[in-house]
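Colleague: I've got a protein model open on my screen and I'm not sure where to start. Could you walk me through it?

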Amino acid sequence: MSKLFLTLVASTLVFHVFGQDSTSVIRARSQDKKNARKQRINNMLRMEEEGDLIFNKHNIFGIRLATDGYGINFEKGKFRTPSRTFIYSFELNEKHDPKEHHISATSDGINVSTVVPFKINNLYEFKIAVGQQHLIGGKGNKNGVAVTALYQGGLTLGLLKPYYLDVSNRVTGQTTRKTFEQLATDTLADDQITGASGFTVGWGNLKYKPAVNAKQALRFDYGRLNQTVTAIEVGLTEEFYFSKIPIAYLIPQKQFFFNAYVQIMFGSRK
């Protein structure tokens, strides 16, 4: 009986000592994490006072105007080091051929509808990309400008929507919708163009065109507060489609698209 009692006492002491050691280890690790977090916060505060852009993440919206169209985008960023940020973005763009222009659909002086001569497709793009942003120069103070360089690459889904025209037959008076290709091949019909069919027409005949994309840019953040983003971005983008993209009738079709753009950006940092 005494041996059993001694065994129980010894076991209790062992578990008690082991428990204390485990608790001490957990407390030490927790304290180390708190100290590391405190040190990191202190470093961030110090660098922010010196004008550096210090944050954990950012969310930015942009409106862009390019040499071949326009679009909007949304960007998320994750702070890695004081000079490097991992970014990924989503874009929705519409592209135009540089030779596109609008003309009046009729010459009667009454109908004000316009058309784009020889246009056969609208090209819309949905883009997903990832990349890096590198700090070139901090603000120096809260009234300065932070300059960053960024590059990214990703995938593009092109959406080709037929460009339809409203036409009226001069003989029968019948109205219908045709493309410039159909008008050019149907030489026997005495059709007159009365206007473009509009944005809502043609979505049932979409064609999907995959591509890859790349972007290189400089961003100038002139926002007064580091917690907000107010910036202008200028850069170059490239898209390479896996097949040729018909945009205008009788104009050579391309697979590679290159443009320059400027973008206004607004957002926040946390």
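Colleague: How many helices and strands does the protein have?

Modeller: Keep in mind that this is a predicted model. Going along the chain, the count comes to 2 helices and 13 strands.

Colleague: What share of the residues counts as buried?

Modeller: A residue counts as buried when its relative accessible area is under 20%. The protein has 270 residues, and the buried share of them is 36%.

Colleague: And what share of the contacts with a separation of 6 or more comes from residues 24 or more positions apart?

Modeller: Here we set aside pairs with a separation below 6 and look at the remaining contacts in the protein. Among those, residues 24 or more positions apart account for 64%.

Colleague: How many salt bridges does a search of the whole structure find?

Modeller: For a pair to count, a side-chain nitrogen of Lys or Arg has to be within 4 Å of a carboxyl oxygen of Asp or Glu. Searching the whole structure that way gives 11 salt bridges.

Colleague: Take lysine 119 and glutamate 100: how many residues apart in sequence are the parts that this pair ties together?

Modeller: Their side chains meet in a salt bridge, with N to O at 2.6 Å. Lysine 119 sits in the loop between strand 5 and strand 6, while glutamate 100 sits in the loop between strand 3 and strand 4, so the pair ties together parts whose separation in sequence is 19 residues.

Colleague: Which of those two is buried, and which is partly exposed?

Modeller: The cut-off for buried is under 20%, and partly exposed runs from there up to 50%. Lysine 119 has a relative accessible area of 3%, so lysine 119 is buried. Glutamate 100 comes in at 21%, so the partly exposed one is glutamate 100.

Colleague: Now glutamate 233. Which strand holds lysine 215, its salt-bridge partner?

Modeller: In this pair the closest N and O atoms are 3.3 Å apart. The two residues are 18 residues apart and link distant parts of the chain: glutamate 233 is in strand 12, and lysine 215 is in strand 11.

Colleague: Glutamate 233 also forms a salt bridge with arginine 219, so are those two buried or exposed?

Modeller: Here the closest N and O atoms are 2.6 Å apart. Glutamate 233 in strand 12 and arginine 219 in strand 11 are 14 residues apart. As for cover, both glutamate 233 and arginine 219 are buried.

Colleague: Which residues are linked with Glu233 in a network of salt bridges?

Modeller: We've already met two of them, since glutamate 233 pairs with lysine 215 and with arginine 219. Put together, the network links Glu233 with Asp68, Glu75, Glu91, Lys95, Lys127, Lys215, Arg219 and Glu239.

Colleague: Over to the surface: which residues gather in a patch of positive charge?

Modeller: One member is lysine 270, found in the segment after strand 13. With a relative accessible area of 61%, lysine 270 is over the 50% cut-off and so counts as exposed. The patch is made up of Lys57, Lys78, Arg80 and Lys270.

Colleague: Which strands each supply at least two residues of the nonpolar patch?

Modeller: That patch covers about 910 Å², and its members include Ile63, Tyr88, Phe126 and Leu157. Phenylalanine 126 lies in strand 6, and at 36% relative accessible area it is partly exposed. The strands that each give at least two residues are strand 3 and strand 6.

Colleague: What does asparagine 169 contact, leaving aside its neighbours within four places in sequence?

Modeller: Asparagine 169 is in strand 8, and its 16% relative accessible area makes it buried. Its C-alpha atom is 9.0 Å from that of isoleucine 193, which is 24 residues away along the chain. The contacts are Gln174, Asp190 and Asp191.

Colleague: Last one: what is phi of leucine 250, which is not a glycine?

Modeller: Leucine 250 is in the loop between strand 12 and strand 13, and it is exposed at 71% relative accessible area. Phenylalanine 118, in the loop between strand 5 and strand 6, has a positive phi near 70 degrees. For leucine 250, phi is positive as well, at about 70 degrees.

Notes: Residues numbered from 1 in each chain as written. Predicted model: local features only at pLDDT ≥ 70, side-chain atom pairs only at ≥ 80, totals over all residues. Heavy atoms only, no water. Helix = DSSP H or I, 4+ residues; strand = E, 2+ residues; numbered from the N terminus. Buried < 20%, exposed > 50% of the residue type's maximum accessible area, 1.4 Å probe, protein only. Patch = residues over 30% accessible without salt bridge, like charges linked within 9 Å, V, L, I, M, F, W, Y side chains within 5 Å. Areas by Shrake-Rupley, 256 points an atom, 1.4 Å probe, with all protein chains shown as cover. Lys, Arg positive; Asp, Glu negative; His and termini not counted. Charge placed at Lys NZ, Arg CZ, Asp CG, Glu CD. Contact = heavy atoms within 4.5 Å.
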